[in-house]
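The following exchange asks how each description of a structure follows from its definition. The structure is shown first.

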Amino acid sequence: MTQISAAPQGQPEPVTQIDCARAGIVTPAMRAVANKEGRDPESVREGVAAGRIAIPANVHHESLSPEGVGGGLSTKVNVNLGISGDLADEAEEWKKVDVALELAAHAIMDLSNSGKTRAFRTRLIEKSPVMIGTVPMYDAIGYLEKALVDITAEDFLDVVRAHAEDGVDFVTIHAGMNRRTIESFRETGRLTNIVSRGGSLLFAWMEATGNENPFYEFYDDVLAILHEHDVTISIGDAMRPGSTYDASDAGQIAELIEIGKLTRRAWDAGVQVMVEGPGHMALDEIAANMKLEKRLCHDAPFYVLGPLVTDIAPGYDHITAAIGGAIAASSGADFLCYVTPAEHLRLPDADDVREGLVATLIAAHAADIAKGVPGARDRDNRMSDARRRVDWEGMFAEALDPVKARRYFDSAPPSNDGTCTMCGKMCAMRTVNRIMDGLTVDLNLQ
C-alpha cells in the first residue's frame with residue numbers, strides 16, 4: 001500500500017497517485033517506476049501530475065511491483081486471461097498466469113465472465129506482483145445473477161465498486177459510447193458493426209432499456225469509486241474497428257472525441273487515465289491514429305489491442321498484431337495488449353499465451369529501440385556480444401523466451417564445439433574468432 005505524506009492544513013488528503021503528484025509528493029510507487037526506467041523520480045512525478053504517465057496501483061494491491069505507463073517510459077505489455085463459460089478450467093488459467101509472470105508481462109487482465117469470479121480475481125491479486133485489470137461489465141451478469149435487461153445503473157456501479165475493493169489496479173469502462181456515438185455509428189454503417197464484447201453488451205442494454213450508457217450518465221459516480229481506491233480508469237473503445245475496412249471511421253472517431261472529454265473529467269476528479277484503442281487497422285493508418293489519440297486525449301497514455309494489420313490470418317494473429325503493435329508503439333502508443341494465435345478461433349491455452357506474449361514483447365521492445373528509450377538496446381548488445389563469443393548460456397540468458405531457445409538448440413546438438421547445426425564448421429563467428437585469436441583455422445570443411 002502506498003504511504004503518503006499528510007496534506008497541508010485545509011487541503012483534502014491526497015489519495016491517488018495523481019493527487020500526490022499534484023501536491024508535489026513523490027510516492028514510493030513513483031520512486032519504484034523511476035528506478036525501473038532509469039528516470040529521475042521528479043520527472044516521473046511531473047508526468048503523473050500532467051496525466052502523461054499513469055501508475056495503476058490500487059491501495060489494496062499489497063503485492064504490487066508498480067509500473068509506469070506513458071510518455072518517455074518503456075512500452076508495457078498486457079496478457080488477457082480468465083474463466084470462460086464454455087471452458088471453465090481454472091487450473092488452465094493459473095497455468096496462463098504462471099506463463100505471464102515467467103515471461104515478465106507487465107499486466108494481467110482477468111476477463112472472467114462466467115459464474116462467481118471473485119475468488120479467482122482475489123487470489124490473482126494476492127499472488128501477482130504485476131498490474132491487474134478487469135472489465136466489470138463482463139462480470140455483471142454472473143455477479144448480480146440478473147438478466148442483462150434487468151440490471152440497473154446502480155447495479156453496474158456496485159460491480160465496479162466490488163472490483164475496486166478487491167484491489168484491481170485498472171478497470172476498462174466503456175464510457176465513451178453514448179447516444180451521440182451510436183448515432184454516428186448508425187448513420188455511417190460498418191462492415192463488422194460493434195466487436196467490443198463490453199461495448200456490444202452496453203449497446204444491447206441501451207437498446208433494450210432506452211436509457212443512456214450508465215457509465216456515461218453516471219460517470220462522476222464511477223470516478224468517485226475509483227478515486228477512493230486509486231483505481232486507474234482505462235476508458236474502453238467500444239467502437240474500435242473489428243476489421244481494417246472499419247478503421248478510422250466516424251464511429252471510432254466520434255467515440256474518441258467523447259473519450260477526450262472524459263479524460264479531462266477523470267483527471268479533474270483525481271483519477272488516473274489510460275485510453276484504449278484499436279483494433280484492426282491497415283499499416284498506413286496506424287501512425288496517424290496514434291497522433292490523433294494523443295491530440296484528442298491530451299497526451300493520456302494509449303493502450304492498444306494490436307492493431308491487427310490484416311484480417312485474413314486466423315491462427316497467426318499474434319503475428320498480425322505484433323506487426324501493428326510495433327508500429328503503434330513506435331508512433332506513440334504506450335501499452336500493448338497481446339493477441340494469441342487463438343484469436344478469433346477459441347479460448348487460448350497456456351501455449352497460446354506464451355506465443356502471443358512473446359510476439360507482443362518483441363513488438364514492444366522493437367518499438368522502444370525505435371523510440372530511443374534509454375537502455376532499450378543494452379540487452380540486444382549483450383546478446384550480440386554473446387553471439388560473437390558463441391556463448392550459448394549467455395545467449396539463453398538474454399533471450400525473451402530462454403526455454404524455447406534452449407529447447408531448439410538442445411534438439412539438434414552440433415558435432416563441433418562453438419557452432420550449431422545451421423553452419424557447423426562454416427560458422428562465421430567460430431572462424432573469425434579463431435583468426436582474431438591467432439589460432440589455426442581448419443579449412444577442410446567437408
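Q: What is the volume of the largest cavity, and what makes it a cavity?
A: The largest cavity has a volume of about 90 Å³. On a 1 Å grid over the protein atoms alone, a cavity is a set of points where a 1.4 Å probe fits but cannot get out, and lining residues have an atom within 4 Å of a point. Grid points are joined across faces, edges and corners, and the volume is the space filled by probe spheres set on the points. The model is predicted: local features need pLDDT of at least 70 and side-chain atom pairs count only at pLDDT 80 or more, whereas totals for chains, interfaces and linings use all residues. Residues are numbered from 1 along each chain as its sequence is written, and side-chain values use heavy atoms, with hydrogens and water left out.

Q: Which residues and elements line the largest cavity?
A: Thirteen residues line the largest cavity, and those closest to its centre are Gln252, Leu256, Glu276, Gly277 and Pro278. Two or more lining residues come from each of helix H12 (250-268), strand E8 (273-277) and helix H13 (283-296); helices (H or I, at least four residues) and strands (E, at least two) are DSSP runs, numbered from the N terminus. H12 gives the most, with four residues.

Q: What makes methionine 274 of strand E8 a buried residue?
A: Methionine 274 is found in strand E8. Buried means under 20% relative accessible area, exposed over 50%, and partly exposed in between (1.4 Å probe, protein chains only). Methionine 274 has 0% relative accessibility and therefore counts as buried. Leaving aside neighbours within four places in sequence, methionine 274 is in contact (heavy atoms within 4.5 Å) with residues including Ala54, Val69, Phe170, Ile233 and Phe335.

Q: Why is arginine 354 called buried or exposed, and which residues does it contact?
A: Arginine 354, in helix H15 (residues 350-371), counts as buried because its relative accessibility is 16%. Apart from neighbours within four places in sequence, arginine 354 is in contact with Val99, Glu102, Leu103, Asp401 and Val403.

Q: How do you know that the length of helix H7 agrees with its number of residues?
A: The expected span of a helix is 1.5 Å times one less than its number of residues. For the 14 residues of H7 (residues 153-166) this gives 20 Å, and the end C-alpha atoms are 20 Å apart, so the two agree.

Q: Why is H7 described as largely enclosed?
A: Ten of the 14 residues of H7 are buried, so the helix is largely enclosed by the rest of the structure. Among them are Phe156, Leu157, Val160 and His163. H7 is followed by glycine 167, whose phi is positive, near 110°.

Q: How many disulfides does the structure hold, and how is cysteine 423 placed?
A: A disulfide is a pair of cysteine sulfur atoms within 2.5 Å, and the structure holds zero disulfides. Cysteine 423 is in no disulfide, as the nearest cysteine sulfur, that of cysteine 420, is 5.8 Å away. With a relative accessible area of 39%, cysteine 423 is partly exposed, whereas cysteine 20, at 1% relative accessibility, counts as buried.

Q: What makes the phi of alanine 104 notable?
A: Most residues other than glycine have a negative phi. Alanine 104 has a positive phi, near 65°. Alanine 104 lies in the loop between helix H4 (90-102) and strand E4 (107-110).

Key. On a 1 Å grid over the protein atoms alone, a cavity is a set of points where a 1.4 Å probe fits but cannot get out, and a pocket is an open set with protein on both sides within 12 Å along at least five of seven lines; lining residues have an atom within 4 Å of a point.
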